[in-house]
Amino acid sequence: MKTPMTKRGAELLRSELQRLKSVERPANSAAIGVARAHGDLSENAEYHAARERAGFIEGRISELEAKLANAQVIDPKLVDADGRCVFGATVDVQDDAGEKSTWQIVGED
C-alpha cells in the first residue's frame, strides 16, 4: 500500500536515511571496535550499548527504506480540495481565546 507524504516529508526521510548510513552507522561501528578492544565482551557495558545502538540504527534504516519505497509523494498545490480539508491542505484555526495558528494536513512522517 502506498503511503502519502509531501515532497518535504520525503526529503526529510531521505536526509535522515543518508545521515544514518554515512554518519551514524560508521561512528557506531568504530565505537563497537573500541569497546571490543577493551577485552572481555561478556561484562563490557560499552560493547553491549554499541551493539544495541547498531540494532536500532539498522532497524531505522530498514524502516526508512521501506517507507520511501512505498511513498506516494503528493504536491499539495496540485490537489483539488474543492473547499474540503484534504491531504496537504493548509488550515487556519482560531481557538476560543482568539489565538490563531496555521496547520498543514500531512502523513505521520
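**View 1. Contacts across the whole chain.** Residues 24 or more positions apart supply 54% of the chain's contacts with a separation of 6 or more. Welcome to this predicted model, shown here as a whole before we move in on two residues. Buried residues account for 24% of the 109 residues in the chain.

**View 2. The order of the elements.** Start at the N terminus and follow the chain: its elements come in the order β-α-α-β-β-β. That gives two helices and four strands in the chain.

**View 3. The outline of the chain.** How does the radius of gyration of the chain stand against that of a compact globule of 109 residues? The chain has 21 Å, whereas such a globule would have a value near 13 Å. Along the principal axes, the C-alpha atoms fill a box of roughly 65 × 35 × 20 Å.

**View 4. Surface and charges.** About 7,900 Å² of accessible surface belongs to the chain, and carbon and sulfur atoms make up 51% of this surface. The chain carries 15 positive and 19 negative charges. Between the mean positions of these two sets there are 7 Å.

**View 5. T6 in strand 1.** Look for T6 in strand 1, which spans residues 3-6. Is T6 buried or exposed? T6 counts as buried because its relative accessibility is 11%, and the cut-off for buried is under 20%. The side chain of T6 also reaches the backbone nitrogen of G9, at 3.1 Å.

**View 6. The company that T6 keeps.** Which residues are in contact with T6, once its neighbours within four places in sequence are left aside? They are V73, I74, P76, F87, Q104 and V106. One of them, I74, takes us to strand 2, made of residues 71-74.

**View 7. I74 in strand 2.** With a relative accessibility of 19%, I74 counts as buried, since buried means under 20%. How far from R8 does I74 lie in space, C-alpha to C-alpha? The distance is 9.8 Å, although I74 and R8 are 66 residues apart in sequence.

**View 8. Around I74.** Not counting residues up to four places away in sequence, I74 touches P4, M5, T6, K7, V79 and F87. T6 is familiar from the earlier views, as a residue of strand 1. Another name to look for again is F87, which is in contact with T6 and is also touched by I74.

Key. Residues numbered from 1 in each chain as written. Predicted model: local features only at pLDDT ≥ 70, side-chain atom pairs only at ≥ 80, totals over all residues. Heavy atoms only, no water. Rg over C-alpha atoms; globule rule 2.2 N^0.38 Å. Buried < 20%, exposed > 50% of the residue type's maximum accessible area, 1.4 Å probe, protein only. Contact = heavy atoms within 4.5 Å. Areas by Shrake-Rupley, 256 points an atom, 1.4 Å probe, with all protein chains shown as cover. Lys, Arg positive; Asp, Glu negative; His and termini not counted. Charge placed at Lys NZ, Arg CZ, Asp CG, Glu CD. Polar contact = N/O pair within 3.5 Å; in protein donor to acceptor, adjacent residues only side chain to side chain.
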